[in-house]
Amino acid sequence: MTETFYVTTPIYYVNDVPHIGHVYTTVAADIVARYKRLMGYDVFFLTGTDEHGRKVEKTAEQAGEKPLELANRVVKRFQDLWVKFSISHDDFIRTTEGRHKKVAQALFSRAKDKGDIYLGRYEDWYCTPCETFWTQNQLNDDMCPDCGRGVEKLKEDSYFFRMSHYQDTLLQHIKENPDFIQPKVRKNEMLSFIKDGLRDLSVSRTSFSWGIPVPDDPGHVIYVWIDALTNYLSGAGYLSDPDKFARYWPADVHLIGKDILRHHSIYWPTFLMSLGIPLFKKVFAHGWWTIEGKKMSKSLGNFVEPLQLTEEYGVDQVRYFLMREVPFGLDADFSRKAMVGRINSDLANDLGNLFNRSLVMATKYFGGTVPARGKVNDTLQRTADDVFQRVDLAMDDLAYQKALIAIWELIGAVNKYIDETAPFTLAKDESKGDELRTVIYNILDTLRVITLFIFPFMPDTGRKMWAALGIKEPIESQDLSRSYQWGSLPEEAELTKIPPLFPRID
Ligand code: MSP
């Protein structure tokens, strides 16, 4: 049976238009989804939008719209952007859809029937931008400890989830599954939070109405985080497509930003425990982007607009930069200088030049068809083997930067091979015809392997390179676990010279 792989992004709030932070997680999820497909997995990749809650309701009020009108407008921005960024999600879930609401309600009822959700009264603080409850002790100078903004005092009837009850089971689970929360620094933060003691979680609100009604008590709406987290089940067919759900659940990885790790590594698993649903395998919290050294914020007006970036630099260039610049778990700074530097050195110089000059040589010496296979080059093949092993491990760890560094070693190895074998010199000597054929074949075949490796990261570029190499079967149908080996570039494939893949930027 084919192995499955289920990856998710957070579902994005529709009170705000997409920015580089949203693009980051979604591109990361897309890359691992594409990689696993290329490795023969049956992949399910889910993204979507989080459309309920006080924050969305408030933004709609300010815009003089109904919340659903706001959602319908903003959701399009996200969906269009994902097309632009070559995102290959298999489904897009909106929390205002019927298939989602029925799941959130059913789960709420189930936990309530079990006695894990009970009615009480909430009297404490709430941060609307984070949609998060806080106690007086947790506040930081009376401000939200996460985002630093003001909090409001809530006094309202509320249902509570007996989260405290699952504290020890959760600690045990984290201990027995060392990869459950990644990276490690974040896991340690979560561990100390749990060890400080979990309180029961308020899971409904009565002071506004934009949410999913609590079953049998419609004066309450389900707390937006409980509503949102259940998207990972509703989006995978829970209660609507049992076969699909059985195939993909438990999710292999929830990709998120570090600010929402507590919700994913504490609220979510304890809720699943209460419901008796197996826990997801891993949650990975990536770092945050600052812009030219500053926090991204509305008041600074320094939001990096993703569409504008793609117009300036190109989609694949942006995808590459985001993954190459820093290790996935760490904070990063976005600067135009760094972006241009990466494009010119890694993409234009290393990869782009290699590809173009190889095609130029093949066209000049063999009239644009792939010459006959000669003998494998051991160094190139050994490098490809090694790169494959390293990329595969890196992708399991979501170490995108490491994977790219490995791939660039193969690019470097081909560049070196060209320098050492000097095809331009061989071409001048008629007695070296066989040698020249072998060298050109090996260069082109290694370019084929490089194309496969970079395809998950830069799908448009990958497709262009694949077509230029004259390979008829679609790149998506390849099995990377075998095809990274020497020799499957068809002899006599028709090569096409193409314009430079990555124009230099001044
Ligand atoms: N709706 C919730 C998630 C619910 S998931 C069940 C939410 N939405 S969000 O739109 O506010 O944020 C989504 C993601 O964007 C988070 O993972 C967050 O970390 C990420 N980012 C927001 N700003 C960011 C940066 N400046 N840098 C990197 N990621 C950032 O939270």
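Start by selecting Cys127: at 0% relative accessibility, Cys127 counts as buried (under 20% relative accessible area is buried, over 50% exposed, in between partly exposed, with a 1.4 Å probe and protein chains only). Before moving on, keep in mind that this is a predicted model, where local features need pLDDT of at least 70, side-chain atom pairs count only at pLDDT 80 or more, and totals for chains, interfaces and linings use all residues. Residues are numbered from 1 along each chain as its sequence is written, and side-chain values use heavy atoms, leaving out hydrogens and water.

Now add Cys144 to the selection. Its sulfur is the nearest cysteine sulfur to that of Cys127, 3.7 Å away. Cys144 counts as buried too, because its relative accessibility is 1%. Is there a disulfide to draw, and how many turn up in the whole structure? The search finds 0, a disulfide being a pair of cysteine sulfur atoms within 2.5 Å.

Zoom out and colour by secondary structure. You'll get 19 helices and 16 strands, taken as DSSP runs (helices H or I, at least four residues; strands E, at least two).

Next, show the C-alpha trace. Along the principal axes, the C-alpha atoms fill a box of roughly 90 × 50 × 40 Å. Across the 506 residues, 59% count as buried.

Switch on contacts (heavy atoms within 4.5 Å). Of those between residues at least 6 apart in sequence, 78% join residues at least 24 apart.

Finish with the surface: the chain exposes about 21000 Å², with carbon and sulfur atoms supplying 50% of it (Shrake-Rupley method, 1.4 Å probe).
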